[in-house]
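Work through these exercises with the sequence and the model side by side. Try each task before you read its solution.

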Amino acid sequence: MSKSPPSAVVRSRLTPYLFILPAFLVYAAFSLYPLIRAAQFSLYDWAGFGPSTFVGLANYADLAGDEAFRAALGNALVLIAFYALLPLVIGLVLAAIFRRGQVRGMGFFRSVIFLPQVIALVVVAVAWRNIYAPNGPLNELLRAVGLDGLARGWLGDPGAALPAVGFIGTWLEMGLVMLLLLAGMSRIPDDLFEAARLDGAGPVREFFAITLPSVRGEIVVALVLTIIAALKTFDLIYMTTSGGPGNATTVPSYEVYDRAFQLREVGSASAVAIVLTVLVFAINVLVTRIGERSR
Amino acid sequence: MRISAAERTMNYVVLVLFALFALVPILTILATALSPQIGEAPGLHLGNFVEAWQVGGFGRSLGNSLIVAALVVTSAVVLSVLSGYAFGTMRFRGATVLFYVFLLGLMIPTEATVIPLFFDLRTLGLTDTYAAIALPQIAQSVAFGTFWLRAQFRTLPTSLLEAAALDGAGPMRTLRSVVVPASVPALTTLVVLAFMWTWNEFLIALVMAPGGSLRTAPLGLSNFQGQYTAELALLSAGAVIVALPMVIMFLFLQRHFIRGMLEGAVK
């Protein structure tokens, strides 16, 4: 490290640390330390009050055979398809349209499609419960077009509930993905498109030859954000289905809450929380690695 | 770039379809909020908002949300300005490692920290206080704010700080009269995002205030839903009341929402 002072206006070597200290203290006390405590809790059997018993890794071992936990992981995978893959496809189409065509009212379309992102998930849940209700607009529409057989209480039907919740995720995330990809596409120089067109490339070939390869980095970011959103979709599950019917829509984040605050299995809840944290970290690292290699 | 008329038409069809897909649930809830309650005459029922406001206690819960948001946003922004200033403009030993420690905070899920926070703060008798709801959210926003402002402050030319030093300004005066005024757009974006995250936060508010006296707006709505599942008009009116402040803010400050979410995500 050089002998120069920290900056032009700072002479003491201690000063930078003093500026960081308050932020660090709050962050360490209310985010880092609780994470370490959660790891510690996960090694005990505890009901939230009274004595606790050290059980080592038994809580983790129990999870392997735990049906609710396995259902939560499986459901999370299905939700990832709805929260991440579907919005990616939609986002690619929409962003490519914005990039290629001179769209009038682009700002309007962009804002409208992004709007779901800013609405509290409890409100989103109320809106969609209404849409999915046995006598709600969705079933009325199906009956109006003669598809009475398809009408059902969407959130109460064991086979339909998970896709129904997942579809809300598609609705939520498509705008964010679209904007991320649009930001990437706007950096592609116009000459590249002109050259492709002189070579006789149509919109589809142009998309696969130029547009798609140049937004790999943004695709990676979009996938990280939406996959993590799928894994952490607590509010929506709590407000729409509470994980039911049965375990049909439970997810790891809901299991954490349910085990800790309703079933009073704090150790097991903490083990699920730690597994969830590791998953989130791993997805970040993995997807970022892939993104760096493709750049 | 020129495209054919047929392609242009297709483009608008696709865009209009997805705009409708985004809007229909929002319009549905608005329409339901204005619809008659069970047994009432048809027509527009603006009175639903008044009734929902009173029955659901939204005055109280919106007030709580405002207090929590004010606490979180001011503390998080002040702390992040200080730490972002050090990371963005100063050289010191361990800067990179310390910065990565802050970055870690962007990945820690609330689900993991909320269990020990509840039980440890309960032991200290601090659950059901504004501090218990605000502090965990300040910690999360500080992780993002440090990261966000470091990037912004780094783009300031070093000559700016050198000029301040020539004028005899110390670190605090330089921060107040040079660095902060030059970073107002970035600070606005941080305020807007921190406000949105705090306003919409559910899990922390649910767990940290089990007594119910400090319910924030999303919690108020969740509780309301439990009592009025059948009265959709009233429930929807409550939902509109909770969502409206954010939607209005978005319409006025879209650029800040979008810029922050995009740039924050890409880095």
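**Exercise 1. Read the fold of chain B.** In what order do the elements of chain B run, and how spread out is the chain?

Solution.
Step 1. From the N terminus, the elements of chain B run α-α-α-α-α-α-α-α-α-α-α-α. Helices (H or I, at least four residues) and strands (E, at least two) are DSSP runs, numbered from the N terminus.
Step 2. The radius of gyration of chain B is 23 Å, well over the 18 Å given by the globule rule for 267 residues, so the chain is more spread out than a compact globule. That radius is taken over C-alpha atoms, and the rule is 2.2 Å times the number of residues to the power 0.38.
Step 3. Count the elements: chain B has 12 helices and zero strands.
Step 4. Along its principal axes, the C-alpha trace of chain B spans about 75 × 70 × 35 Å.

Ground rules for what follows. This is a predicted model: local features need pLDDT of at least 70, side-chain atom pairs count only at pLDDT 80 or more, and totals for chains, interfaces and linings use all residues. Residues are numbered from 1 along each chain as its sequence is written, chains are lettered from A and ligands numbered from 1 in the order in which they are written, and side-chain values use heavy atoms, with hydrogens and water left out.

**Exercise 2. Describe the inside and outside of chain B.** What share of its 267 residues counts as buried?

Solution.
Step 1. The buried share of chain B is 55%. Buried means under 20% relative accessible area, exposed over 50%, partly exposed in between (1.4 Å probe, protein chains only).
Step 2. Chain B exposes about 11400 Å², and carbon and sulfur atoms supply 67% of that area. Accessible areas come from the Shrake-Rupley method with a 1.4 Å probe; for residues, only the protein chains shown count as cover.
Step 3. Take the contacts in chain B with a separation of 6 or more: residues 24 or more positions apart account for 77% of them. Contact means heavy atoms within 4.5 Å.

**Exercise 3. Examine α6 of chain B.** Why can this helix be called largely enclosed?

Solution.
Step 1. Helix α6 of chain B covers residues 130–154, 25 residues in total.
Step 2. From first C-alpha to last, α6(B) reaches 34 Å, close to the 36 Å expected at 1.5 Å a residue. The expected span is 1.5 Å times one less than the number of residues.
Step 3. Of those 25 residues, 20 are buried, so α6(B) is largely enclosed by the rest of the structure.

**Exercise 4. Place T123(B).** Is T123(B) buried or exposed?

Solution.
Step 1. Find T123(B) in helix α5 (residues 110–123) of chain B.
Step 2. Its relative accessibility is 67%, so T123(B) counts as exposed.
Step 3. L79(B) is 44 residues from T123(B) in sequence and 27 Å away in space, C-alpha to C-alpha.

**Exercise 5. Check the annotated spans.** Which residues of chain A does UniProt mark as "transmembrane region"?

Solution.
Step 1. The unreviewed UniProt entry gives residues 14–36, 73–96, 108–128, 160–183, 219–239 and 266–287 of chain A. UniProt positions follow the numbering used here, feature names are shortened, and annotations may be inferred rather than shown by experiment.
Step 2. Residues 14–36 of chain A are 96% helix and 0% strand, with end C-alpha atoms 28 Å apart.
Step 3. Residues 266–287 of chain A are 100% helix and 0% strand, with end C-alpha atoms 31 Å apart.
Step 4. For chain B, the unreviewed entry's spans include residues 12–34. That stretch is 96% helix and 0% strand, and its end C-alpha atoms lie 31 Å apart.

**Exercise 6. Follow the end of chain A.** How many residues of α12(A) are buried, and what does S268(A) touch?

Solution.
Step 1. Helix α12 (residues 252–262) of chain A is mostly covered, with 10 of its 11 residues buried. Among them are Y254(A) and R259(A).
Step 2. After α12(A) comes R264(A), whose phi is positive, near 60°.
Step 3. S268(A) lies in helix α13 (residues 266–293) of chain A. S268(A) is buried, at 12% relative accessible area.
Step 4. Leaving out residues up to four places away in sequence, S268(A) touches N59(A), L63(A) and R259(A).
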